[in-house]
Amino acid sequence: MKDNFIKLLAASALTAGMLAGCSGGSGSASGSGTAASADLGDTVKIGLNFELSGAVADYGNAELKGAKLAVKLFNNNPDKKFTVETVEIDNKSEPAESTSAATKLMTQDKVVGIVGPATSGASIATFAVSEQNAVPVVTPSATQNGAMLNGDKPYEYAWRVCFEDSYQGKAAALFAKNTLDKTKAVIFNEVSDYGQGNAESFKTEFESLGGTVVDQIQYNSGDQDFSSAITKIKGMDFDVIYVSGYYNEAGKIIKQAKDAGIDTPILGTDGFDSETLIDQAGKDYCNNVYFTTAYTAIDPSEQLSKFIEEYKAEYNENPGMFAALAFDATNLLLDELQASGKSGAELNEAIKKVNYTGVTGAFTFDESNHTPIKPVLVVELVNGEQSNVTPVDVK
């Protein structure tokens, strides 16, 4: 997800990991890139590195809840081989803080794996540290294109359980053209890798399908007033708006566009998946609004129904996509710890070979980029409620 820092920061994270020492985590990396493994004891620590404050705290707090529920259910299982302890750190929605958090978790707290962060910039900032200390990092929602790559190869100890931006941007274009039968789009996108990556993928696919992008408007995180842009496009000939960004700004764009009398469908990214978007826009304005996602509670499977029931019992609220992704990421890590009985290189090898079925779908990892191939769902909001879902086949 959100990423204000690019992979240059991950290189500095490598230096930080080296300064912290190679003895941390579950094994140490040698110059040849191999790493030791260790048997697990009766108690195993995992790190939870999330955005609990700052610009995208909604995502981090949702993912913390999903991760902690997974750990609680694991510990309640009488057949478990060990007890899991969590070490939780707030990375404050900042990549530099995320690097520091990952380094501490691996070298001081001696965790055997980390779940999180939620956003791409904060996640990328941990990958070099994970490689240096041979501690797997499983990010629930770092969707940035190429986020898992260090040059032309994936970071060895970095994994994600979400699809990447190019995948959902393409799905949004397919839905706009083939399902909504729209041919003329206006794009709003945040100036970030996430916002620009999704917008570029949408634009490329939409135009390849014969559509036209009438205008593209860029904005910054934290912007409040979109009236000038909305006034500019109001007189243009378009039939769909694509918003590539997060809930705070997207909610304001929806409200201000509707206030201006624009009634075309508004289509967005998984960054829409927050109750804050509904609060910002207003329930009455959240009609004819759609977004791409890896998760919805509409027509749930038996496994998903059980998760929703357990989540509601624990937190007295319904889970969203970010909680579900974190639940899957944590369970994947716990399952492979249980199956392998090892940390370090052997645990990482078990993750590499996983064939996982979770509440957000079934997948194996593409070894070329440590990314799963998962279905994209397009959810429609009706009076602010998720009411209809359309699977989109992306090839």
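User: Leaving aside neighbours within four places in sequence, which residues is Phe307 in contact with?

Analyst: This is a predicted model, where local features need pLDDT of at least 70 and side-chain atom pairs count only at pLDDT 80 or more, while totals for chains, interfaces and linings use all residues. Residues are numbered from 1 along each chain as its sequence is written, and side-chain values use heavy atoms, without hydrogens and water. With contact meaning heavy atoms within 4.5 Å, Phe307 touches Leu69, Tyr295, Pro319, Ala323, Ala324, Phe327 and Val359.

User: Which helix gives the largest share of the largest nonpolar core?

Analyst: This core (buried Ala, Val, Leu, Ile, Met, Phe, Trp, Tyr and Cys joined through side-chain atoms within 4.5 Å; buried is under 20% relative accessible area, 1.4 Å probe, protein chains only) has 97 residues. Phe188, Phe202, Phe307 and Leu337 touch the most other members. Eleven residues, the largest share, come from residues 321-340, a DSSP run (H or I, at least four residues), namely helix H11.

User: How far apart are the end C-alpha atoms of helix H3?

Analyst: H3 covers residues 95-107, which is 13 residues. At 1.5 Å times one less than that number, the expected span is 18 Å. The end C-alpha atoms agree with this, at 18 Å.

User: Is strand S12 largely enclosed or open?

Analyst: Strands are DSSP runs (E, at least two residues), and S12 spans residues 289-293. Val289, Phe291 and Thr293 are buried on one side, Tyr290 and Thr292 on the other. Five of the five residues are buried, so S12 is largely enclosed.

User: In S16, which residue is the bridge partner of Thr292?

Analyst: S12 and S16 (residues 376-382) run antiparallel, joined by five bridges. The partner of Thr292 is Val378.

How values were computed
Buried means under 20% relative accessible area, exposed over 50%, partly exposed in between (1.4 Å probe, protein chains only). Two strands pair if DSSP finds at least two bridges between them.
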